[in-house]
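I opened this entry to record a few lookups in one model. The topics are a sheet, the nonpolar cores, a helix and two threonines.

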Amino acid sequence: MTEILEQLSGRTVIVGSGLAGLMTALTLAPKPSVIVTRAALGAETSSAWAQGGIAASMGDDDSAALHLADTLAAGDGLCDPTIAAGIITEAPAAIAALEQAGVRFDRNAAGGFSLGLEAAHNRRRIVHAEGDGSGAAIIAALIEAVMKTPAITVLEGFEARRILMDGEKVAGLLCATANGAAMLPTSKVVLATGGIGGLYDATTNPMGNFGQGIALAARAGAALADMEFVQFHPTALDSRRRPLALISEAVRGEGALLVNERGERFMARISGAELAPRDVVARAISAEIARGGRVFLDARAALGSRFAARFPVISSLCGEAGIDPAKDVIPVRPAVHYHMGGVATDANGRSSVPGLWVAGEAASTGLHGANRLASNSLLEAAVMGMRAARDISGMPAGATGPIFAERLPVAADASLVRPIVSRHLGVLRNAGAIHGAIAALLPLAEDNGPAADPAIVALLIAVFSSLRMESRGAHARTDFSLKLANANRRRMCLSDVLEIARATPPYALAPLYTFARSA
């Protein structure tokens, strides 16, 4: 039997408790809201694992214009300049709002912000907390603020399974709980569910994050944008740990070098060297590994004994693997880290579905383009959470429409999807692999089984990839290695993607599907 939570009827429902979700709820207060989270508040969120910090032009030698220029350069022609300029200009206000909520950022001896340098930034502008523990420190402070805010109701152990619709408008949210199904009647839902890393074997994200928000929005008819752009962080700690531990590029910002097993600094011949954009570094490392080599990060000369003080979290993670960064080189490999695509939104986080907002990594605003600039992710999450809240606050109170009981869908399981995506939609792609992935994913996406939602998200990535016949940013194709003269973003709904997938030549359907079923 489905329980209808009438006592919470009409409140804004926020799905997810990372930075975007928490900032949405805090900014909405004193207007009431409900945070729905499948785990404990703030747990299983990529925000808490963020090491570097938040990009903001706070230095005396910096400006919003310089920050925007770096963002546009990294985005490789696909950023929305207006959206990007607006979010970047709001960065100092976001930092101030976080401080007001209780976040304590690191300061230098003069009392100013201690600013870090990361790849593709031409200024030190990374505002951080507790060294490389920025995400955890920020989330901990925001959780404390949320728990002190009476207007915010937190429902832990509630997993969103479907957005309920009244025609084309949002009418509620269907959740799975320990006691069965529960429905939240609401005309306002904010998806802040994070990324898609759990679709891949090698990722720095929580393994349970397979793009739930994208699947929820896609099933509700929302437009999706730029789904092909999956960012592989160049330097994950190469170990058996899952998910892989991240070695922040702030380490390279402090002077650490990339070398292969022969001790060669292979990035020296590439523009930007170790601090080139992430897609460039990831492809270079992948090439070294593809030839049978290994890649290491060498921080011995740059940091040596200071490593543990500057990067305590990374030092601890290395220690778990038996590595002392002060004395040893650190084995690294690319791993899925961030998704630039997602649910298409406007400048306030509104999707194409009335009553549905999306903030953070689940959204595609146009800030990141084809390749996210380092530490712009937490910036976007904070700014867009605040903007969505302000937009919702400015709307007249609307009555919730009728909602009807739906059968609770089965719990999602990405295990059948993960080997297909890992093998065929990685750092380097080609038509045969992409079409093979589509053929293997389509039957899973059209089924009602546990693989359906992860397969829908993966199919979106594959079909968008098949249509981008160029190499741009994080999307690299060996069969279309050049960049087209005109850069165009793409939006499609799930119905469009399914139609294209059904018309795609079924390359290697049988072996791929068998591979997926037996994995």
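I began with an open sheet of four strands, ordered S19-S17-S12-S22 and mixed in its pairing. I noted S19 (363–364) and S22 (491–492) as the edge strands, since each pairs on one side only. I then checked how S17 (residues 342–344) meets S19: the two run parallel and are paired over two bridges. For Val343, I found the bridge partner in S19 to be Ala363. The model is a predicted one, and I read every entry here on that basis.

Next I looked up the cores. I recorded 70 residues in the largest nonpolar core. Which residues have the most contacts inside it? I listed Leu199, Leu356, Leu459 and Leu460. Helix H14 (residues 452–467) gives this core its largest share, ten residues. I also noted a second, separate core of 52 residues, with Leu22, Leu26, Ala94 and Ala192 among its members.

I followed Leu199 further. Setting aside neighbours within four places in sequence, I found Leu199 in contact with Asn209, Phe210, Val417, Arg418, Val421, Ser422, Pro454, Val457, Ala458 and Ile461.

I turned to helix H1 (residues 19–28). Nine of its ten residues are buried, so I put H1 down as largely enclosed by the rest of the structure. The buried ones are Leu19, Ala20, Gly21, Leu22, Met23, Thr24, Ala25, Leu26 and Leu28. Two of these names, Leu22 and Leu26, I had already entered under the second core.

Then I took the first threonine. I located Thr204 in the loop between strand S11 (189–191) and helix H6 (212–219). Is Thr204 buried or exposed? I entered Thr204 as buried because its relative accessibility is 7%, and the cut-off is under 20%. Its side chain makes a polar contact with the side chain of His337, at 2.6 Å. Beyond neighbours within four places in sequence, I listed the contacts of Thr204 as Trp49, Ala236, Pro243, Leu244, Leu246, Ala335, Val336 and His337.

The other threonine also sits in a loop: I found Thr504 between helix H15 (494–502) and helix H16 (509–518). Its relative accessible area is 14%, so I entered Thr504 as buried. What lies 2.8 Å from a polar atom of the Thr504 side chain? I identified the backbone oxygen of Ile500. Not counting residues up to four places away in sequence, I noted that Thr504 touches His435 and Ile438.

Conventions
Residues are numbered from 1 along each chain as its sequence is written. This is a predicted model: local features need pLDDT of at least 70, side-chain atom pairs count only at pLDDT 80 or more; totals for chains, interfaces and linings use all residues. Side-chain values use heavy atoms; hydrogens and water are left out. Buried means under 20% relative accessible area, exposed over 50%, partly exposed in between (1.4 Å probe, protein chains only). A polar contact is a pair of N or O atoms within 3.5 Å; within protein, one must be able to donate a hydrogen and the other to accept it, and residues adjacent in sequence count only if both atoms are side-chain atoms. Contact means heavy atoms within 4.5 Å. Two strands pair if DSSP finds at least two bridges between them. A nonpolar core is a set of buried Ala, Val, Leu, Ile, Met, Phe, Trp, Tyr and Cys residues joined through side-chain atoms within 4.5 Å.
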